[in-house]
Amino acid sequence: GVVALEVAGRASSRLGEPLEQVRRYVEGEVDDPAGALGATLSLARYVRSRGGVGPGAWLGTPVPSAVQAVGAALTEGRDREAVLDLMASLLEDDVEGPDLLEAFICAFSQFLVHLEPQEDADRRRLQVAELMAAVPGGPRGARWLMAACLREAPVHDTSAADLGPFLSGEPAADPDRAAARLSRPALLAAGIACLEALATVLGEDAQMPRDELLTFVLPSALGEHDLLRQT
C-alpha cells in the first residue's frame, strides 16, 4: 500500500477502494481474507505496471526487521520452503555453511544461558537424548548440527549451560566440513529444526518459547555474526 501511494502521487484517489479494503482487514474491522487478498493483488499490479516495481522490492525494509518477519512467518505456519528461501535471500552473497554454523551456535548459547546449570544430571541426560531424537540423522539431517551446537555453545559463551557431556555415543564429526556440504536453505532448515526442538524440550526450563527463538534470538545471532545484507 505504501509503495502504491508513492507510485500514484497525486492520482492516489484511484487507489482508495483497494487501500480501504486492506486497511479494514488488517485492523480487524472485517473478516474477509479473500477480499483483502484481491485488493492487495490489485495494488501490486498497479505498482508493477506504473512504477516498474516487481518482486523483491520488499527488501527495501530494514533487513533485521525483514528477518524477524520471516521468523514470525515460520511460527505462524507459513509454507516452510518458501520462508526458508526468503531467509536465505536476506543473507550476504558470500555467506557459507560454516558461517551459518557459527550463527546457530550463537543462537544456542543465547538460549542455554537461561538454563539452570545445577539441574539434576539424569534429567538433563534424558532431555539431551530427547533433543537428539527430535531431529533426523543422515548427511542432510540435523543430528550432527544439534550435537555440534550443544558442544560448542559453552565455548561461544562460557555462561551457557554445558550439555555436551550428556552426548554419550554421538560422534564428534567435523561440523565445519558437514556445514560446507549443504546449501544455505538446507542448512537453515537443519538449524531451525534444531532450534524448534530446543524450544520444545527445554523451552519451559529456559522460559523461552519457540516464537522468541525464531523471531528474536536467531535474527540477533545472524546479525551479530555479520551475515545479513546491509541493504
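**View 1. Glu29 and Arg24 pair up through their side chains in this predicted model.** The two side chains form a salt bridge, with 3.7 Å from N to O. Arg24 is partly exposed, at 35% relative accessibility. Glu29 also has a salt bridge to Arg23, this one at 3.0 Å from N to O. Glu29 itself is partly exposed, with a relative accessible area of 45%, and Arg23 is partly exposed as well, at 30%.

**View 2. A salt bridge ties helix H10 to helix H11.** Here the side chains of Glu196 and Arg210 meet, 2.9 Å from N to O. Glu196 sits in helix H10 and Arg210 in helix H11, and the pair links distant parts of the chain, with the partners 14 residues apart. Is each partner buried or partly exposed? Glu196 is buried, with a relative accessible area of 14%, while Arg210 is partly exposed at 29%.

**View 3. Zooming back out to the network around Glu29.** Salt bridges with shared partners join Glu20, Arg23, Arg24, Glu27 and Glu29 into one network. Keep the whole structure in mind while looking at this view: a search of it turns up 11 salt bridges.

**View 4. Arg124 is tucked away in helix H7.** This arginine belongs to the helix spanning residues 121-133. With a relative accessible area of 4%, Arg124 counts as buried. What does its side chain reach? A polar contact joins it to the side chain of Asp205, at 3.1 Å. Setting aside neighbours within four places in sequence, Arg124 is in contact with Leu115, Glu116, Glu119, Leu163, Phe166, Leu202 and Asp205. So Asp205 turns up on that contact list as well as being the polar partner, and Arg124 is buried at 4%.

**View 5. Cys149 and Cys194 face the question of a disulfide, and there is none.** The structure holds zero disulfides. Why no bond for Cys149? Its sulfur is 5.9 Å from the closest cysteine sulfur, the one in Cys194, and a disulfide needs the two sulfurs within 2.5 Å, so this gap is too far for a bond. Looking from the other end, Cys194 is in no disulfide either, and its nearest cysteine sulfur is that of Cys149, 5.9 Å away. Both side chains belong to buried residues: Cys149 has 0% relative accessibility, and Cys194 has a relative accessible area of 1%.

**View 6. Helix H5 has a buried face.** In this helix, residues 80-89, the buried residues are Val83, Leu84, Met87 and Ala88. Looking down the axis of H5, these buried residues fall within an arc of 140°, so they line one face of the helix. What covers them? The cover includes helix H4 (63-75), helix H10 (184-206) and helix H11 (210-224). Helices H10 and H11 are also the pair bridged by Glu196 and Arg210.

**View 7. Confidence along the chain, from helix H1 to helix H6.** The average pLDDT of the chain is 87, and 94% of the residues score at least 70. Which elements mark the two ends of the range? Helix H1 (residues 2-8) has the lowest mean pLDDT, 79, and helix H6 (residues 97-112) the highest, 96. Where pLDDT is low, the predicted coordinates should not be read in detail.

Conventions: Residues numbered from 1 in each chain as written. Predicted model: local features only at pLDDT ≥ 70, side-chain atom pairs only at ≥ 80, totals over all residues. Heavy atoms only, no water. Buried < 20%, exposed > 50% of the residue type's maximum accessible area, 1.4 Å probe, protein only. Helix = DSSP H or I, 4+ residues; strand = E, 2+ residues; numbered from the N terminus. Arc of directions from axis to C-beta. Contact = heavy atoms within 4.5 Å. Polar contact = N/O pair within 3.5 Å; in protein donor to acceptor, adjacent residues only side chain to side chain. pLDDT = per-residue confidence, 0-100. Salt bridge = Lys/Arg side-chain N within 4 Å of Asp/Glu carboxyl O.
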